[in-house]
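Me: I should like to learn how to read the architecture of a protein model, one feature at a time. Could we work through an example together?

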Amino acid sequence: MTPATPSERRPRAPKSKSPSKKVLSLEWRSWITKNLARGAAVEALESALVEARVPRLLARRSIREIEGSGVVALLKEESARTARLENVLALLRHHTRTTPLPLRRVATLSKEGLALHYAANVPFLLTGLVTKWPAFRKWSPAYFAKRYGDVVVSVAADREKDPLYDLHTETLSREMTMRELVARTVAARRSNDLYMVANNHGIERPELAGLWKDVRFPSWLDPMRLKKHAALWFGAAGTVTPLHHDQCNILFCQIHGRKRVRMLPPTETFLHRGAISMYAAADPDKPDLRAFPEWKHAHVVDVVVEPGEALFIPVGWWHHVRSLDVAISFSLTNFRYRNDFGEYCPGAIGS
Ligand SMILES: O=C(O)CCC(=O)C(=O)O
């Protein structure tokens, strides 16, 4: 077995001291540890070290010490555990990629119908719910300006100046009247600069409490759990929410305008590479095939959510949202099943 993988450059040899006192650098020692865990022969490692001008005695002693420390056995155990989990994941990923379920469109859904998607972690589009809400007839930029024009709301502003704008919503938060927000949003035509997002907590403003009267809940949503379980989104065409996942299931209701949602299941673990917490480094609108060759085979679900439709975004699913028009959305998370998966954040687990 070759002691080193081609990607692992061998560290430099230590500067000379008496071999009995010298200790190999951490870099060399981890090189030895990794290769021993991969099953490399002691002799091959020793030769490689000597070839890199490590004194033979020091090389031999270091290998022996690492072999006897128990760390190699631990690493082997952990690698086997990871390989077993990868094995399970590969099976699930294979199925989502090669036999993807078409996005199911349903007019109505019973609690049992919801359970099927909820438990299976599969999205669906609900077409017959929002159309029955007074909100669907009433909510528009003009209505917001007329009915709630004087209400001061928080919005994320100057987003274009910050590449991590969605992560920095709090710092970008500005207050303005609903009237000004509507005027700027409509005048912008196409912009990603100004957006009332979930983290602006607009719907929690007492002055906007009237909006709740325009919403109706199916039996599988809990009307007693509203606080922190609903969000209002309002922005111009061209507004983009970057690829991320949430820690809860979401019923994403489109009231006005259209949004294109691009989704990938949690089994697309290549998105963990370079992720900042729940935000992916990869951009599905500009797939970088060199950094992320997995894009070629990834399971991507693309859907345009029309006004009056609601998209179920299951917990852990990566989603990237682009407004195709001036858009108003209302998202709900008050499902009657458990819906707080705060522990789910693979992108925050260090390497
Ligand atoms: O509508 C949007 O821009 C983003 C919605 C979203 O990401 C969410 O509800 O989690």
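Reply: Let us begin with the division into domains. This is a predicted model, and its chain is divided into domain 1, residues 1-99, and domain 2, residues 102-348.

Me: How many residues does each domain bring to the contact between domain 1 and domain 2?

Reply: The size of an interface is often given as the accessible area lost when the parts come together. Here one may count residues instead: 5 residues from domain 1 and 5 residues from domain 2 take part in the contact. On the side of domain 1 that touches domain 2, 2 residues are nonpolar, 1 is polar and 2 are charged. The centres of the two domains, taken over C-alpha atoms, are 45 Å apart.

Me: What radius of gyration does the protein have, set against a compact globule of 351 residues?

Reply: The protein has a radius of gyration of 27 Å, whereas a compact globule with that number of residues would have one near 20 Å. The C-alpha trace spans about 85 × 45 × 35 Å along its principal axes. In secondary structure, the protein contains 8 helices and 13 strands. Of its contacts between residues at least 6 apart in sequence, 81% join residues at least 24 apart.

Me: Which residues of the largest nonpolar core touch the most other members?

Reply: In soluble globular proteins, nonpolar side chains tend to be buried together. In this model the largest nonpolar core has 62 residues, and those touching the most other members are Met-196, Phe-252, Cys-253, Ala-310 and Phe-330. Leaving aside residues up to four places away in sequence, Ala-310 touches Leu-126, Leu-129, Val-130, Leu-251, Phe-252, Cys-253 and Gln-254. A second, separate core comprises 12 residues, among them Leu-24, Leu-36, Val-54 and Ile-63.

Me: Which residues surround the ligand?

Reply: The surrounding residues are Trp-233, Thr-241, Asp-246, Ile-250, Phe-252, Lys-259, His-319, Val-321, Ser-329 and Ser-331. By character, this shell divides into 4 nonpolar, 4 polar and 2 charged residues. Strand 8 (250-256), strand 12 (318-323) and strand 13 (327-332) each supply at least two of the shell residues. Phe-252 thus appears both in the shell and among the best-connected core members named above.

Me: Finally, why is Arg-225 classed as partly exposed?

Reply: Arg-225 is partly exposed because 15 other C-beta atoms lie within 10 Å, while a buried residue would need 20 or more and an exposed one 12 or fewer. Arg-225 is placed in the loop between strand 5 (195-196) and strand 6 (230-235). The C-alpha atoms of Arg-225 and Arg-336 are 9.2 Å apart, although 111 residues separate the two along the chain.

Key: Residues numbered from 1 in each chain as written. Predicted model: local features only at pLDDT ≥ 70, side-chain atom pairs only at ≥ 80, totals over all residues. Domains from an automatic or database assignment. Contact = placed C-beta atoms within 7 Å. Nonpolar A, V, L, I, M, F, W, Y, C, P; charged D, E, K, R; others polar. Near = placed C-beta within 6 Å. Helix = DSSP H or I, 4+ residues; strand = E, 2+ residues; numbered from the N terminus. Rg over C-alpha atoms; globule rule 2.2 N^0.38 Å. Core = buried A, V, L, I, M, F, W, Y, C linked by C-beta atoms within 7 Å.
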